[in-house]
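This briefing looks at the charged contacts and the enclosed space of one protein model. The structure is shown first, and the points that follow are grouped by topic.

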Amino acid sequence: MAPVLILERLTVAFPLPDGGWLEATREVDLSLERGRVLALIGESGSGKTTVLNAMAGLLPAEARVTGSLGLDGGGSDLLAPGATREGVAGRRIGMIFQNPGASLNPVLRVGATVAEVAAVHQGLGRTAAWRAAVELLDRVGIDDPARRASDYPHRLSGGQKQRVAIAAALAGKPGLILADEPTTALDAMVQAQILDLLLALVDQDGVGLVLVTHDLAVAGAVADEIAVMYAGRIVEQGPAEAVVRRPLHPYAVALAGAALPFGGVAATGDAPFPELPPADPALPVTACAFAPRCPLAIDRCRSVRPPLEPQDRGHAAACWRAGEAAP
Ligand SMILES: Nc1ncnc2c1ncn2[C@@H]1O[C@H](COP(=O)(O)OP(=O)(O)O)[C@@H](O)[C@H]1O
Ligand SMILES: [Mg+2]
């Protein structure tokens with residue numbers, strides 16, 4: 001079966017006030033089969049949201065974008081910023097954001113938000129679209145959906161809003177769902193429910209899911225494949241279990257919270273290596289971007305950036321010393 005997603009050599013740059021460019025993602029390749037989950041992890045600022053926005057056509061018009069995107073076995077399109085709503089709709093991508101409130105129109109009944117998507121994508125009339133919306137709300141676990149459909153977003157809890165946002169995404173009958181930290185704003189118990197819901201949809205509908213998270217434990221629990229981003233590049237990628245159990249890149253080792261054999265500081269979550277400033281993606285890249293923070297860095301790391309290369313059964317890392325920091 002053709003992959004639902006093939007992203008090739010995505011590079012996105014944003015203009016800086018001084019006339020330069022900030023490369024937020026660099027030469028990112030991703031691919032995904034239907035019915036599978038790819039987790040994209042990395043600390044804040046590593047470029048995760050930019051990758052999703054580029055695929056969904058949601059980048060601001062001033063962004064400079066190169067790369068190509070192929071969806072569901074179709075031909076691949078060059079990516080362009082500022083794509084129209086129709087263009088994105090045509091891509092059959094469902095997008096779910098971190099803040100579910102922001103993706104719902106506060107002056108529309110939640111049923112109308114879902115029905116609008118169903119009407120546009122499935123060509124349904126008003127009544128049929130509303131009926132489809134109620135069915136979708138039921139499917140995503142909204143109690144008493146026929147009545148709830150008439151509520152405005154402010155009447156719903158954060159978890160319910162995220163369920164509605166998922167229903168709206170599904171109304172477009174997407175082959176691919178992009179979820180950007182969809183549970184970060186929610187309580188722990190609700191987080192687990194929303195992840196379970198997304199996984200059920202992946203299984204039942206055979207959609208592909210790209211899940212952005214900064215939590216490696218979450219990624220390990222739900223994903224088939226994990227890609228680790230650092231300073232705009234994928235520095236490690238492979239089967240989820242392999243990346244969690246045997247991370248190869250020193251940055252991934254730190255994310256995994258493993259004891260570093262060289263006495264380095266391990267941390268999890270959004271801010272590993274808290275004693276060091278985050279890498280500046282605006283710096284020209286002639287070296288490994290992680291070298292300034294890497295306890296294993298050697299001269300070669302500071303002069304030649306290591307390519308992302310397979311090390312072991314589909315498990316790739318961009319590190320001259322891949323595997324040496326693994327516990
Ligand atoms: N619209 C924008 N204009 C300028 N810079 C941006 C814009 N969006 C993101 N960036 C910058 O791009 C980099 C990557 O950001 P982002 O993709 O949001 O990372 P993440 O989602 O991993 O936290 C950051 O340095 C961020 O400040
Ligand atoms: Mg983000």
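In this predicted model, Arg 34 and Asp 72 form a salt bridge whose closest N and O atoms lie 2.8 Å apart. Because Arg 34 sits in the loop between strand 2 (21-32) and strand 3 (37-41), while Asp 72 sits in the loop between strand 4 (64-71) and strand 5 (76-78), the pair ties together parts that are 38 residues apart in sequence. The structure holds 13 salt bridges, and a few of them are set out below, followed by the cavity.

**The bridge between two loops**

- Arg 34, which contributes the nitrogen side of the pair with Asp 72, is partly exposed, with a relative accessible area of 26%.
- Asp 72 is likewise classed as partly exposed, its relative accessibility being 41%.

**Other salt bridges**

- The side chains of Asp 151 and Arg 155 meet in a salt bridge, with an N to O distance of 3.8 Å.
- Within this pair, Asp 151 is buried, having a relative accessible area of 10%, whereas Arg 155 is exposed, with a value of 52%.
- Asp 312 and Arg 313 form a further salt bridge, in which the closest N and O atoms are 3.5 Å apart.
- Here Arg 313 is exposed, with a relative accessible area of 76%, whereas Asp 312 is partly exposed, at 32%.
- Elsewhere, Arg 9, Glu 27 and Arg 233 are joined into one network by salt bridges that share partners.

**The cavity**

- The structure holds 1 cavity of 30 Å³ or more, and the volume of the largest cavity is about 80 Å³.
- A total of 13 residues line the largest cavity, and those nearest its centre are Cys 288, Cys 294, Cys 301, Cys 319 and Trp 320.
- By residue class, the lining of the largest cavity divides into 11 nonpolar residues, 1 polar residue and 1 charged residue.
- The four cysteines and the tryptophan named as nearest the centre belong to residue types that count as nonpolar.

**Points to check against the model**

- Which partner of the salt bridge between Asp 151 and Arg 155 is buried? The buried partner is Asp 151, at 10% relative accessible area, while Arg 155 is exposed.
- Which loops does the salt bridge between Arg 34 and Asp 72 tie together? The pair links the loop between strands 2 and 3 to the loop between strands 4 and 5.

How values were computed:
Residues are numbered from 1 along each chain as its sequence is written. Chains are lettered from A and ligands numbered from 1 in the order in which they are written. This is a predicted model: local features need pLDDT of at least 70, side-chain atom pairs count only at pLDDT 80 or more; totals for chains, interfaces and linings use all residues. Side-chain values use heavy atoms; hydrogens and water are left out. On a 1 Å grid over the protein atoms alone, a cavity is a set of points where a 1.4 Å probe fits but cannot get out, and a pocket is an open set with protein on both sides within 12 Å along at least five of seven lines; lining residues have an atom within 4 Å of a point. Grid points are joined across faces, edges and corners, and a volume is the space filled by probe spheres set on the points. A salt bridge is a side-chain nitrogen of Lys or Arg within 4 Å of a carboxyl oxygen of Asp or Glu. Helices (H or I, at least four residues) and strands (E, at least two) are DSSP runs, numbered from the N terminus. Buried means under 20% relative accessible area, exposed over 50%, partly exposed in between (1.4 Å probe, protein chains only).
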